[in-house]
Amino acid sequence: MFKQMLNYALSFALIMVSLWAGNAIQHFFHLSVPGSIFGMLILFALLVSGFVKVQWVKPGAQLFIRYMIILFVPISVGLMDHFPLLIDNALSIFASSVGATTIVLVLLALGLQKILTNKTSEGK
């Protein structure tokens with residue numbers, strides 16, 4: 001039980017230190033990108049480099065993912081505060097969502113087609 005609690009503590013500490021470092025970078029350079037994005041990139045770099053083992057981060061990450069829906073409750077309540085604004089801009093929100101999704105799907109399809117075509121031509 002103590003070992004499991006220690007694993008959770010280490011995992012949360014690694015995630016929070018990465019978040020803190022990302023927020024510090026964002027604050028220091030006055031960037032418009034959120035610090036949490038920098039924190040995720042830092043954690044990703046640490047994991048890819050092997051400096052931090054996946055097993056060290058896995059317990060806390062699984063716990064965050066398991067209860068992720070709870071983290072969306074404040075955002076949903078905040079959206080309801082601005083519901084009239086959302087209704088006024090519904091058409092532009094819908095159009096940009098559909099347009100962006102279509103662009104991503106087309107680019108992914110073209111990229112995948114190119115990759116698969118190259119692999120089948122190499123295999124012959």
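Colleague: Where does His30 lie?

Modeller: His30 lies in the loop between H1 and H2. Keep in mind that this is a predicted model.

Colleague: What is the sign of phi at His30?

Modeller: Check the residue type along with the angle. His30 has a positive phi of about 55 degrees, although it is not a glycine.

Colleague: Is His30 buried or exposed?

Modeller: Read the relative accessibility against the cut-offs: under 20% is buried, over 50% is exposed. His30 is at 68%, so it counts as exposed.

Colleague: Let's move into H1. Which helix holds Ser11, and what residues does that helix cover?

Modeller: Ser11 sits in helix H1, which covers residues 2-29.

Colleague: Is Ser11 buried or exposed?

Modeller: Ser11 is buried, because its relative accessibility is 0%.

Colleague: Which residues is Ser11 in contact with, leaving aside its neighbours within four places in sequence?

Modeller: Skip the sequence neighbours and read what remains. For Ser11 that leaves Trp56, Val57, Lys58, Pro59, Gly60 and Ala61.

Colleague: What lies 2.7 Å from a polar atom of the Ser11 side chain?

Modeller: The backbone nitrogen of Gly60 does. Gly60 is also on the contact list of Ser11.

Colleague: Where does H3 bend?

Modeller: Compare the helix axis before and after a residue. H3 bends by about 30 degrees at Gly60.

Colleague: How does the end-to-end distance of H3 compare with what its 13 residues should span?

Modeller: Use the rise per residue. At 1.5 Å a residue, the 13 residues of H3 should span 18 Å. The end C-alpha atoms are 17 Å apart, which agrees.

Colleague: Which residues of H3 are buried?

Modeller: Val57, Pro59 and Gly60 are the buried residues of H3. They pack against H1 and helix H2, residues 35-49. Each of the three also appears among the contacts of Ser11.

Colleague: Now the aromatic rings. How many aromatic pairs does the structure hold?

Modeller: The structure holds three aromatic pairs. For each pair, read two numbers: centre distance and plane angle. Phe12 and Phe64 are 5.3 Å centre to centre, with 70 degrees between the planes, and the pair is edge-to-face. This pair links distant parts of the chain: Phe12 is in helix H1, Phe64 is in helix H3 (residues 54-66), and they are 52 residues apart.

Colleague: How exposed are Phe12 and Phe64?

Modeller: Phe12 is partly exposed, with a relative accessible area of 26%. Phe64 is partly exposed too, at 35%.

Colleague: What about the rings of Phe28 and Phe29?

Modeller: Their centres are 4.9 Å apart and their planes are at 80 degrees, so this pair is edge-to-face. Phe28 counts as exposed, at 63% relative accessibility.

Colleague: Which residues form one aromatic cluster?

Modeller: Tyr8, Phe12 and Phe64 form it.

Colleague: Back to serines. Is Ser18 buried or exposed?

Modeller: Ser18 is in helix H1. It counts as buried, because its relative accessibility is 5%.

Colleague: What does the side chain of Ser18 reach?

Modeller: Look at both partners: side chain or backbone. Here the Ser18 side chain reaches the backbone oxygen of Leu14 at 3.0 Å.

Colleague: Which residues does Ser18 touch, not counting residues up to four places away in sequence?

Modeller: Ser18 touches Gly39, Ile42, Leu43 and Leu46.

Colleague: And Val17, buried or exposed?

Modeller: Val17 lies in helix H1. At 53% relative accessibility, Val17 counts as exposed.

Colleague: How many residues apart in sequence are Val17 and Leu43?

Modeller: Put sequence separation beside spatial distance. Val17 and Leu43 are 26 residues apart in sequence and 9.0 Å apart in space, C-alpha to C-alpha. Now take Phe72 and Leu105: 33 residues apart in sequence, 26 Å apart in space by C-alpha atoms.

Colleague: Where is Phe72 found?

Modeller: Phe72 is found in the loop between helix H4 (68-71) and helix H5 (73-81). It counts as partly exposed, at 41% relative accessibility.

Colleague: Where does UniProt place the feature "transmembrane region"?

Modeller: Treat a record as a record, then look at the model. The unreviewed UniProt entry places this feature at residues 34-52, 64-87 and 93-112. In the model, residues 34-52 are 79% helix and 0% strand, with end C-alpha atoms 23 Å apart. Residues 93-112 are 100% helix and 0% strand, with end C-alpha atoms 28 Å apart.

Notes. Residues numbered from 1 in each chain as written. Heavy atoms only, no water. Helix = DSSP H or I, 4+ residues; strand = E, 2+ residues; numbered from the N terminus. Buried < 20%, exposed > 50% of the residue type's maximum accessible area, 1.4 Å probe, protein only. Polar contact = N/O pair within 3.5 Å; in protein donor to acceptor, adjacent residues only side chain to side chain. Contact = heavy atoms within 4.5 Å. UniProt positions renumbered as here; feature names shortened; annotations may be inferred. Phe/Tyr/Trp six-rings, centres within 6.5 Å; stacked < 30°, edge-to-face > 60°. Expected span 1.5 Å × (residues − 1). Bend = angle between axes of the 7 residues up to and from the residue.
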